[in-house]
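Hello,

Here is the structure I promised to pass on. Have a look at it first, and then read on for what turned up.

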Amino acid sequence: MAVKKLILDDFIDDVDYTLIAVHCSIEGYRLAYFLNKKLGLNLKRKREDIDLNTLAKYPIFEWEDMKQQVTWHLVSNVCRIEEVIQPQENTLFHSQATRQNTFYLIPEYKRVNYFLKINDDGLLSKNSKKTLSNIQEIPHIITAYNVDVDTIKSKNNLIFY
């Protein structure tokens with residue numbers, strides 16, 4: 001009896017998007033506004049955040065450009081959650097203490113605040129330098145640069161539905 005075997009590595013390694021790391025200290029909705037204004041986009045917040053585990057949820061903004069067949073995603077890399085620590089009962093003061101846990105969408109880039117993922121099937125890669133320079137002109141952005149997706153270990157976190 002013949003055995004058929006499917007090798008899925010050929011599909012996973014094919015990267016058809018551009019990933020730009022953005023360092024800034026502003027909120028996601030403000031960054032989406034400035035990107036919309038500077039690049040002529042229409043990024044809007046999705047109703048559901050990216051939920052990788054039970055605790056961390058990452059806000060995501062999306063725009064599908066039907067004319068050029070390009071999908072833009074702006075996603076936060078950082079999720080901070082405050083956790084209430086129950087005090088011990090034999091302490092002098094029964095105040096509640098909190099601890100802040102930080103989770104990262106892409107742990108290899110802990111200093112990056114946001115990622116801009118452009119699903120373009122390789123069409124905009126020739127214009128990526130122009131897009132990148134336009135992003136860097138926004139006054140609130142400290143720096144922005146292209147990320148080599150092949151070096152990221154947790155690139156499965158970049159698969160959005």
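The largest pocket has a lining of 20 residues, and those nearest its centre are E27, S76, V78, R80 and Y114. A pocket here is an open set of points on a 1 Å grid over the protein atoms alone, where a 1.4 Å probe fits and protein lies on both sides within 12 Å along at least five of seven lines; lining residues have an atom within 4 Å of a point. The space in this pocket is about 390 Å³, the volume being that filled by probe spheres set on the points, with grid points joined across faces, edges and corners. Two elements, α2 and β7 (78–85), give two or more residues to the lining, and β7 has the largest share with 3 residues. Helices (H or I, at least four residues) and strands (E, at least two) are DSSP runs, numbered from the N terminus.

Before going further, please note that this is a predicted model: local features need pLDDT of at least 70, side-chain atom pairs count only at pLDDT 80 or more, and totals for chains, interfaces and linings use all residues. Residues are numbered from 1 along each chain as its sequence is written, and side-chain values use heavy atoms, with hydrogens and water left out.

Y114, one of the residues nearest the pocket centre, belongs to strand β9. Y114 counts as buried because its relative accessible area is 9%; buried means under 20%, exposed over 50%, and partly exposed in between, with a 1.4 Å probe and protein chains only. Its C-alpha atom is 9.8 Å from that of E27, although 87 residues separate the two along the chain. Leaving out residues up to four places away in sequence, Y114 touches a list of residues that includes E27, G28, L31, S76 and N77, where contact means heavy atoms within 4.5 Å.

F115 is also in β9, which spans residues 114–119. With a relative accessible area of 0%, F115 is buried. The C-alpha atoms of F115 and A21 are separated by 4.8 Å, and the two residues are 94 apart along the chain. Beyond the residues up to four places away in sequence, the contacts of F115 include L19, I20, A21, H73, I106, Y109 and V147.

Now to the sheet. It is open and antiparallel, with 6 strands in the order β2-β5-β6-β9-β1-β10; two strands pair if DSSP finds at least two bridges between them. At the edges stand β2 (44–45) and β10 (141–146), each with a single partner strand, so one side of each has no neighbour in the sheet. Helix α2 (residues 28–39) packs on the sheet, where it touches β1, β5 (60–65), β6, β9 and β10, and its direction makes about 150 degrees with that of β6. Helix α3 (residues 128–136) lies across β1, β6, β9 and β10, at about 165 degrees to β10. For these angles, axes are lines fitted to C-alpha atoms, for helices over the stretch in contact, and the values run from 0 to 180 degrees between N-to-C directions.

At one end of the sheet, β2 and β5 are joined by 2 bridges and run antiparallel, with K44 opposite E62 in β5. Strand β5 is largely enclosed by the rest of the structure, because 5 of its 6 residues are buried. Between β5 and β6 there are 6 antiparallel bridges, and D65 has V70 in β6 as its bridge partner. The hairpin of these two strands has 4 residues between them, and Q69 takes a positive phi near 60 degrees there. Q69 is exposed, with 55% relative accessibility. T71, by contrast, lies in β6 (residues 70–76) and is buried at 17%. Neighbours within four places aside, T71 contacts E62, W63, E64, K117, I118 and N119. Towards the other edge, β1 (residues 17–24) pairs with β10 over 5 antiparallel bridges, and V22 stands opposite A144 in β10.

Finally, the chain as a whole: it has 3 helices and 10 strands, and 39% of its 161 residues are buried. Of the contacts with a separation of 6 or more, 64% are between residues 24 or more positions apart. The accessible surface comes to about 11300 Å², 50% of it from carbon and sulfur atoms, as computed by the Shrake-Rupley method with a 1.4 Å probe, where for residues only the protein chains shown count as cover.

Best wishes
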